Amino acid sequence: MTIQHHLTDELLMGYAAGTLPEAFNLVVATHLSLCDECRARAEAFDALGGSLLGAMETADLAEDSLQATLRRIAAGPQTARPQDRPRTRKPGELFPAPLQDYVGGDLAAVRWRPVGMGVRQAILRSGPGATARLLYIPAGSAVPDHSHRGRELTLVLQGAFQDEDGRFGPGDIEIADQAVQHTPTAEPGQPCICLAATDAPLRFRSLIPRLAQPFFRI
């Protein structure tokens, strides 16, 4: 697997600081489990964050600080961060470990729902602020022309697609925002399966996708 499209420093710093929505964390963690280059950069940001904390001046704490901290630990993290370390996949498995943990298995465990033109999706359970979904695009098919009201991360797991920004194959991640208008089209041969996360609805040009998008939460 040769990865050509990587995560930005902004996303890696947000991941290290715990400021990304859970759906974005899932996409980032899944990409990190596949990409040695981005994983090394993420570890550098983790180390930098630890150094900054260690260099901060001390401050007096309130009397109930210990109890408050213990309550927050018991409540769990406010934004879940999936395990991003690579784990050996069994022969025939498609999904990296962070994604398998969310789906509850590999491709066979996905509950696909059709959204038209042969395209299917499966929305994954995640916290507020963004939505994560798996997309299945038949070979040669296209997602309708659209822009974005927010940010969209799309990680290719199988097959490949092309749009106005180039070709994206397995392990590649496309980062799109309001400035990007594109029509992702799956390459011939193999269905394209992607993990995507959005923090706002897409902006479709055509009428039919606009009418359908509230029902499919796109």
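**Buried cysteines, an antiparallel sheet and its aromatic contacts**

C38 counts as buried, because its relative accessibility is 0%. The model is predicted. C35 also counts as buried, at 3% relative accessibility. The structure holds 0 disulfides. C35 is in no disulfide, and the nearest cysteine sulfur, that of C38, is 3.7 Å away. That separation is too far for a bond between the sulfurs of C38 and C35, because a disulfide requires sulfur atoms within 2.5 Å.

The sheet was examined next. It is open and is formed by 6 strands, in the order 1-2-3-10-5-8. The pairing is antiparallel. Strand 1 (113-116) and strand 8 (173-176) are the edge strands. Each of these two pairs on one side only. From one strand to the next, the twist averages 25°.

At one edge, strand 1 is joined to strand 2 (residues 119-124) by 3 bridges. The two strands run antiparallel. P114 has R120 of strand 2 as its bridge partner.

Strand 10 (192-198) stands between strand 3 and strand 5 in the sheet order. Strand 3 pairs with strand 10 in the antiparallel sense, over 7 bridges. Within that pairing, Y136 is matched with I193 of strand 10 as its bridge partner. Strand 5 pairs with strand 10 over 6 bridges, again in the antiparallel sense. Here the bridge partner of L153 is A197 in strand 10.

Strand 10 is also enclosed. Of its 7 residues, 7 are buried, so the strand is largely enclosed by the rest of the structure. Side chains in a regular strand alternate between the two faces of the sheet. Both faces of strand 10 are covered. On one side, C192, C194, A196 and T198 are buried. On the other side, I193, L195 and A197 are buried.

Helix 2 (residues 22-32) packs against this part of the model. The helix lies across strand 2, strand 3 (131-137), strand 5 (152-158), strand 8 and strand 10. Helix 2 runs at about 140° to strand 10.

Aromatic contacts were then considered. A pair of aromatic rings is described by the distance of the centres and the angle of the planes. The structure holds 2 aromatic pairs. In one, the rings of W112 and Y136 have centres 5.8 Å apart and planes at 65°, so the pair is edge-to-face. W112 lies in the loop between helix 5 (97-103) and strand 1, whereas Y136 belongs to strand 3. The pair therefore ties together parts that are 24 residues apart in sequence. Another pair joins F161 and F168, and is stacked. The centres of F161 and F168 are 5.1 Å apart, with 20° between the planes. Both F161 and F168 are buried.

Y136 recurs in several of these contacts. Y136 counts as buried because its relative accessible area is 19%, and the cut-off is under 20%. The charged end of R120 sits over the ring of Y136, 4.0 Å from the ring centre. R120 is also the strand 2 bridge partner of P114. Y136 thus appears in an edge-to-face pair with W112, under the charged end of R120, and in a bridge to I193 of strand 10.

Definitions and conventions:
Residues numbered from 1 in each chain as written. Predicted model: local features only at pLDDT ≥ 70, side-chain atom pairs only at ≥ 80, totals over all residues. Heavy atoms only, no water. Pairing = 2+ DSSP bridges. Helix = DSSP H or I, 4+ residues; strand = E, 2+ residues; numbered from the N terminus. Axes fitted to C-alpha atoms, helices over the stretch in contact; angles between N-to-C directions. Contact = heavy atoms within 4.5 Å. Buried < 20%, exposed > 50% of the residue type's maximum accessible area, 1.4 Å probe, protein only. Phe/Tyr/Trp six-rings, centres within 6.5 Å; stacked < 30°, edge-to-face > 60°. Lys NZ or Arg CZ within 6 Å of the ring centre and 35° of its normal.
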